Amino acid sequence: MDRDKNGRFIKGHSLGVRFQKGCISWMKGKHPSKEVIEKIRQANLGSKHSEETKRKIGLAHKGFKHSVESKLKISKARKGIKFTDRHIENLSKSHIGKQLSETTKQKQSEALKGSKSYLWRGGVTEANGYVLLLRERGYVLEHRIVMEEFLGRELTKYEVVHHINFDKKDNRIENLMLFATQSEHMKFHNNKVRGKLIDESCLLHNNI
Ligand SMILES: [Zn+2]
């Protein structure tokens, strides 16, 4: 220990502890003061792990998994933290040229399914010009749902819902007409709408 002539420790010298990489176990469970954190930061400035150290760290962490409790704590601690530009750049670099495994791909697509997708539009989509709504049984035609709700019962697979003004997206109940079968529906088209402009696709009236 270096002391001055009065026997006191020389400030900034004897206490100038050099923080060595890997020598932080004494801190386990303790929260270092801001001063200490700053010292560590200074000591580590510019220092990079050697390939050998990286390998050792990788080995030490192999098979290590955070407990659910730890994960919660980590995500709580990370909340509101924004990545720096450098970090984002590094993240994007680290993904370059990497092939995702099939399981990872599957996991990612599972995670993005349905309401979690950034493409989520409230479960409304379109097919052949008809509006589809997402229900528990899958996508269903909106005009059939409107009719079902109006009738207070489910439609049979034979029943056909016709759009009076031929606008397949106009699913107001007053624009909808119910036929017991497709042949009834065809009869209507042939008899009542003959000579008038008929939207060809109306004749198909998908039954989903
Ligand atoms: Zn029709």
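In the predicted model, N128 is exposed, because no more than 10 other C-beta atoms lie within 10 Å of its own, and a residue counts as exposed at 12 or fewer. N128 lies in the loop that connects β1 with β2. The backbone of N128 adopts a positive phi, near 50 degrees, although the residue is not a glycine. The two strands flanking this loop form a hairpin, with two residues between them.

The protein chain that contains this turn comprises 208 residues, of which 7% count as buried. Its secondary structure consists of seven helices and five strands. Read from the N terminus, the order of elements is α-α-α-α-α-β-β-β-α-β-β-α. Among the contacts with a sequence separation of 6 or more, 34% join residues that are 24 or more positions apart.

The strands β1, β2 and β3 assemble into an open sheet in the order β1-β2-β3, with antiparallel pairing. At its edges stand β1, spanning residues 124-127, and β3, spanning residues 138-141, each of which pairs on one side only. Neighbouring strands of this sheet are turned against each other by 40 degrees on average, direction ignored. In general, the strands of a sheet pair through backbone hydrogen bonds, in either a parallel or an antiparallel manner.

The pairing can be followed strand by strand. β1 is joined to β2, which covers residues 130-135, in the antiparallel sense over four bridges. Within this pair, V124 has L133 of β2 as its bridge partner, and T125 is matched with L132 of β2. On the other side, β2 and β3 are also antiparallel, over four bridges. There, the bridge partner of L132 in β3 is L141. L132 thus takes part in bridges with T125 and with L141. The link from β2 to β3 is a hairpin through two residues.

Within β3, attention may be given to V140. V140 is classed as partly exposed because 15 C-beta neighbours fall inside 10 Å, a count between the limits of 12 or fewer for exposed and 20 or more for buried residues. The C-alpha atoms of V140 and Y130 are 9.9 Å apart in space, while the two residues are ten apart in sequence.

Helix α6, formed by residues 142-151, packs on the three-stranded sheet and touches β2 and β3. The direction of α6 makes about 75 degrees with that of β3. H143, R144 and M147 of this helix are buried. These residues lie on the same side of α6, because they cover an arc of only 100 degrees around the axis. An α-helix has 3.6 residues a turn, so residues three or four places apart point the same way. The cover over the buried residues of α6 includes β2 and β3, together with β4 (160-163) and β5 (176-179). After α6 comes G152, with a positive phi near 75 degrees.

The remaining two strands, β4 and β5, pair with each other in the antiparallel sense over four bridges. In this pairing, V160 stands opposite F179 of β5. In β4, V160 and H162 point one way, whereas V161 and H163 point the other way, and all are buried. In a regular strand, side chains alternate between the two faces of the sheet.

The loop between β4 and β5 contains F166. Phi of F166 is positive, near 65 degrees, in a residue other than glycine. F166 counts as partly exposed because it has 16 C-beta neighbours inside 10 Å. N128, the other loop residue described here, is exposed, with 10 other C-beta atoms within 10 Å.

Note on methods:
Residues are numbered from 1 along each chain as its sequence is written. This is a predicted model: local features need pLDDT of at least 70, side-chain atom pairs count only at pLDDT 80 or more; totals for chains, interfaces and linings use all residues. Two strands pair if DSSP finds at least two bridges between them. Axes are lines fitted to C-alpha atoms, for helices over the stretch in contact, and angles run from 0 to 180 degrees between N-to-C directions. Two residues are in contact if their C-beta atoms, placed from the backbone, lie within 7 Å. The arc is that of the directions from the helix axis to the C-beta atoms.
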